[in-house]
Amino acid sequence: MDSLVKIEGKPIEKLIEVISNEIGTLYRPRAIRKEADAKAYEIKVIEKAKSEANADSRLIEAENLDRINERLIAKETARQNNIDDVVEIAAREINDEPVVSDKPVNKDWATRFFNIVQDVSDDEMKNLWGKILAGEVKSPNSYSLRTLELLRNLSKDEADTFVRIAQIVLKEDDYFIFNNDGDLSKFGITYSDIAKLTEIGLIQAGTFVQCEYKSKPDKDMKSGIIYNDKIVIIINIKQGSKDVNIPISVLTRAGSELYKLFSVKPNIEYIKELASSIKNETVSVEYANINYINDDHVNYDHQTIKL
């Protein structure tokens, strides 16, 4: 794994502090260890493993002790490599952040995190864990303990399914997916995919959940749904026009937190499919590029595209 990470500035300092507090000594990122230092660091890990093996094996026959030591040394070395990999990913994620919160990362959270990632060997899953660590250092309480445990037990197949679902996630007050019968199959999403993610706790259980856009008797109604860097604008063009009801599946808190880890390229065909299910003789749908989002205000291009 490439280790060319610039180690300087407050974001990286806070990341190192979080790790050092957890392991009880100053953590030296692999990215800045010289070859000799790296060997010494490995020896330190090995000696720790030996010490633990000896402490736990006082009553074990002497001829078995060497084999136990070797097994524990290999295990602890692999675990340290896993932690180093995740830390390097986190360092890259946070390296260019101009500002991070002064609020410390919760120690219980850090303990749970490193107890999990020490046994993560899959590169794609390490990438997710690195992003989570960076996000928590940047803004503590971004990822709940429940989310850590859910991701810990997530299989590769389940993670791949969630990645496909993430491509069509929308946002208003909550993160959700448009869930009209049959329409999602056009985008590689099946009912069993939704059922699977519901079962493991990434999508809320329940049926007949809808986004409702009610017309107002005294004025036209205009609402927006965020889709990555686009906004879908629903307009009741006549007073007293028909209400708009969109069947949806809502992501859980854990699902919403994990969704934020992904970079999603908007699918215009998905926006068109959404629009075709909403618009009627009194309701029109447009979309536009988002310039920025400030609190609850969405600033978008005045040049909208009608669907």
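In the predicted model, the side chains of E88 and R92 meet in a salt bridge, with an N to O distance of 3.9 Å, a value that falls inside the 4 Å limit applied to such pairs. The two residues are separated by about one helical turn, because they lie four residues apart in helix α3, which spans residues 62-94. An α-helix has 3.6 residues a turn, so residues three or four places apart point the same way. The partners nevertheless fall into separate accessibility classes: E88 is buried, with a relative accessible area of 4%, whereas R92, at 33%, is partly exposed.

By the rule used here, the protein holds 13 salt bridges, and some of them link distant parts of the chain. E124 forms a salt bridge with K156, the closest N and O atoms being 3.2 Å apart; this pair joins helix α5 (residues 123-138) to helix α7 (residues 156-166) across 32 residues of sequence. K156 is partly exposed, with a relative accessible area of 34%. Helix α7 also contributes D157, which is paired with K196 of helix α8 (residues 191-200), 39 residues apart, and the closest N and O atoms of that salt bridge are 2.7 Å apart. Both partners count as partly exposed, D157 at 48% relative accessibility and K196 at 22%. In addition, E76, R79 and D119 are joined into one network by salt bridges that share partners.

Helix α4 (residues 107-117) has as its buried residues W109, A110, F113, F114, I116 and V117. These residues lie on the same side of α4, because they cover an arc of only 155° around the axis. The exposed residues K107 and D108 are carried on the face turned away from that buried side. At the N-terminal end, α4 is capped by N106, a side-chain oxygen of which lies 2.9 Å from the backbone nitrogen of D108.

Among the strands, β7 (residues 283-294) pairs in the antiparallel sense with β5 (residues 230-236) over seven bridges, and within this pairing I231 stands opposite A288. Strand β7 is also antiparallel to β8 (residues 297-300), with four bridges, where Y292 has N299 as its bridge partner. Two residues separate the strands of the β7 and β8 hairpin, in which D295 takes a positive phi near 55°. A further antiparallel pairing, over two bridges, connects β7 with β9 (residues 305-306), and Y287 there stands opposite I305.

Overall, the protein comprises ten helices and nine strands, and 45% of its 307 residues count as buried.

Terms used: Residues are numbered from 1 along each chain as its sequence is written. This is a predicted model: local features need pLDDT of at least 70, side-chain atom pairs count only at pLDDT 80 or more; totals for chains, interfaces and linings use all residues. Side-chain values use heavy atoms; hydrogens and water are left out. Buried means under 20% relative accessible area, exposed over 50%, partly exposed in between (1.4 Å probe, protein chains only). The arc is that of the directions from the helix axis to the C-beta atoms. A polar contact is a pair of N or O atoms within 3.5 Å; within protein, one must be able to donate a hydrogen and the other to accept it, and residues adjacent in sequence count only if both atoms are side-chain atoms. Two strands pair if DSSP finds at least two bridges between them.
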